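Work through the exercises below with the structure open. Each task is followed by a solution in steps.

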Amino acid sequence: MTRPDTDLHDLSLVALAEQIRQRKVSAHETAQHFLARAKAHDALGAFVARDEAVTLAQARAADERLAKGSAGALEGVPLAHKDIFVTRDFASTAGSRMLHDYRSPFDATVVTRLAEQGAVTLGKLNCDEFAMGSANENSAVAAVGHDKPQPVRNPWNMDHIPGGSSGASAVAVAARLMPASTGTDTGGSIRQPASFCGVTGIKPTYGRASRYGMIAFASSLDQAGPMARSAEDCAVLLSHMCGPDLDRDSTSLDLPAEDYTRSLGDSLKGLRIGVPAEFFGAGVSDEVRAAVDAALAQYEKLGAVRVPVSLPRTELSIPVYYIIAPAEASSNLSRFDGVKFGHRAAQYTDLADMYRKTRSEGFGDEVKRRIMMGTYVLSHGYYDAYYLQAQKIRRMLSDDFQQAFQDCDVIAGPVAPSVAWRIGEKSEDPLANYLADIFTLPASLAGLPGMSVPAGFDAAGLPIGLQLIGNYLQESRLLNMAHQFQLTTDFHTRKPQGIRT
Amino acid sequence: MSAQKEQEHGAAVTAATPKALLVRGYEVVIGFETHAQLSTQSKIFSRASTAFGAAPNTQACAVDLALPGTLPVMNKGAVERAIRLGLAVNAHIADKSIFARKNYFYPDLPKGYQISQFEIPVVQGGDVQFMLDGEPRSVRLVRAHLEEDAGKSLHEDFIGQTGIDLNRAGTPLLEIVTEPDMRSSAEAVAYARALHGLVTWIGICDGNMQEGSFRCDANVSVRKPGAPLGTRREIKNLNSFKFMQQAMDYEVRWQIEQIEDGHAIEQATVLFDPATGETRAMRTKEDAADYRYFPDPDLPPLMIAQSWIDEVRAAMPELPQALRARLVSEHGLSEYDASILTQSKATAQYFLDAVAAGGQPKLLCNWITGELSRRLNQEELTIESSPIPPAKLAWLVKLIEIGTVSNNAAKTVFNTLWTRTTSGVANLVAPMAQLTATATVHNDAHKREILAIVEELGLGQMNDSSALEAIIADVVVANAKSVEEFRQGKDKAFNALVGQIMKASRGKANPAQVNELLRKKLA
């Protein structure tokens, strides 16, 4: 076999898949390379589960299919999944003590679909407990190579957080531990870590990817999506993640799967980019503002036009989200009661005591905080004032977007008001964490597709992301828009220099 | 459902009170909530089987166990059955209804919430009609909503521990809620029987009360006539008609005694103990949980298009009420007979098949509700498995009608037919379905079989008037005293003579003919 010219880990997903398809490198060699690389970078705390034997067996099976000529589109490509997706081959913990060592008897639909295309699983990736967090400081599970839980580290500066909740999914891609990974986004959990780690990530329209096998946080918001180093790689992966799953997920859209690479060559001439004034208010750092401005200027060079639009209820998306998501979470997490699976307190006096101890021990502080908030807003006498009111505003937020899309084709702005903050900087201040979600929440609440595209760095060398929001089912337009940008910029190809191994 | 019940019970404008059946000066007010288990093959939100009686936890799939990552998917069959009920009770079927989560912790509730319809149920309004003491009655329904059942906690089988069986978790239920329209325990039981008959009639529930397929909760309160509704207590899980009545009667007495003793009734949920015949409180209003209902984000609103309703309507069987009216108008039965025959679909079908085979309707009705049902009950058989198929009974009845056998003799023939069929003596032992399917072929066979028995047992009616006249002449001579008394105006004496004549004919004389000839003789 001819060795590829570049290091395998520097190849894009598309390029690596091609090398494997042409049998310049075997799936087995590829898996070995990435397993070794993962091990060498365990200081990042990205992996919570790895099993060489499982991964290499999958790789050998991929090589056999390659030999037989029955290879799938992702044959032999190594990936890893956020530990929110349940898998048979690895424990599925959701970053929680509650599910320490939990083994699912089935794979999530997204995992199955990628495996059907021949993808090889390197392991499971750390995340905030039950996907609740914006910094990946809330995992209660010790990462591979660590003896106790610790925050996941940003490869651009290991003293900084990677964002969350799909923090490790972004870290693993940025640090070139794999060409792409899966994440989930409830209020920005793909877009914000992608922005903080300088990678590309997309959350599709709500209902486009099956939620079956995703450990539920907030059912009306949770969506799976890919994270990779380019829009093109995201487009390939997303094509194989999405599609109807009507027998397993009632919120799955009854629309055939799409090839999201189909628009990647389209011109941006005349494309109207809506720029909401509300995304550029006080609180947005100057460097973020400058990077987003420069990106918009670059789009103008590509033939697009800027259109001012308004999303007047942007600020309200914070209270609305922090009512609806905890409300759903408080109910979704009721099943973790120590009766059927997961953690159960060792000693208890009666049923109530068993529940109390099991849940007190099993859940971390942020999860408990959200269960309490959610329980409160659904309680008798508060439901109308909080939950119902939030639902009404949620509808208005969606209407605001439709209003804006009358005047533009896509909406652009920053992903987050700042770059990645230092580990511990906001960990004692949940409210500061919540406020940092302001620009990703609106698209989540409206169920719209949203994406993060690397668009620059601050003076300290930390990445800045540009957010693109499309109307329903406009994923391929967003991906092409990001692709055109990446054809003329190099932010997405830069390598993080801050990794200490 | 506590909050909602409160609303329903408190705000309800009660129907015009029927002729008051006061108990010690109190009017009884009863409303019902019935959980009918829907007869789907699989569960309401998963593909696991609903079959009863499997080994614990063998019919609970990942969704039923609430494993992380699982999601509910609506079983269309359960919705279709809800539509059937809605059509059968003339209710509004919501084009859009909502599933909510009822949140509470209990070990046999795997998700920590039950999926149930709360604010917008699939079936709204409607009424159930039935007969009570020969009078038509109607009970209004508030709603019927779809929900999933919980699992079972087994406290008895483990010492100091509780076993959990999740086979039942996710079984589809339709909860049918009435207005507080009933004014006596007898009326409430009649309602429950009518509803039971209806859900089995339209095939949405197997009606098996022992297995818990049809469970009733009775909301009972008492008041002085004209007073506002009293505080109610809810008797849970009544799964036999007998206990239902006992429980409500006890509860009514208990409440009246409490009030008479100056105690206020406290809202509570109570259980009936068949061993003691008493109800005892399980929990009071203070313990009422806050269920934190909210729309289930995993399930979009349930949409029912008019075309689906039309499809279901087209496939509906004739409803008991319509059939009852037809039995009166077409077959000349009394309202009472018609209501008895339409208590179950199988009985009604048996009757219709027998009529189709040529039996006289009124006589058939008497035989079905009399001898046949007596014998079926005695042998604990259902009418579908009757050893005497409808066509055979039709022939027996026809032979009575044309005077071949007397009614009494026919009973002997019936019992002989029964015994021979069940003991395998008869040459015609075939399942009823098969017999009715080939009715014309077998009709002659039925006739021959019956006539053979009549012949064999010498049960043929004496229709030869000269032979009968000879017997009458003998009896008149031998009973001069009775003849004398009759002539003095004692009707009893006439009956005594008829009896003697029947005896002398060894039961074969036709009583009508005896009457006629004897009167002529004594005239």
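The exercises treat chain B of a predicted model. Local features need pLDDT of at least 70, side-chain atom pairs count only at pLDDT 80 or more, and totals for chains, interfaces and linings use all residues. Residues are numbered from 1 along each chain as its sequence is written, with chains lettered from A and ligands numbered from 1 in the order in which they are written.

**Exercise 1.** Describe the fold content of chain B.

Step 1: count the elements. Chain B has 17 helices and 17 strands; helices (H or I, at least four residues) and strands (E, at least two) are DSSP runs, numbered from the N terminus.

Step 2: take the burial. Of its 523 residues, 42% are buried, that is, 20 or more other C-beta atoms, placed from the backbone, lie within 10 Å of the residue's own.

**Exercise 2.** Analyse how domain 1 of chain B meets domain 2 of chain B.

Step 1: set the bounds. An automatic or database domain assignment gives domain 1 (2-308), domain 2 (318-457) and domain 3 (465-522) in chain B.

Step 2: find the contacts (C-beta atoms, placed from the backbone, within 7 Å). Eight residues of domain 1 of chain B touch eight residues of domain 2 of chain B.

Step 3: locate the domain 1 side. β7 (127-132) and α3 (185-201) of chain B each supply at least two residues, and α3(B) gives the most, with four residues.

**Exercise 3.** How many residues does each chain bring to the contact?

Solution: chain B brings 26 residues and chain A 35 residues.

Terms used
Two residues are in contact if their C-beta atoms, placed from the backbone, lie within 7 Å. A residue is buried if 20 or more other C-beta atoms lie within 10 Å of its own, exposed if 12 or fewer, and partly exposed in between; C-beta atoms are placed from the backbone.
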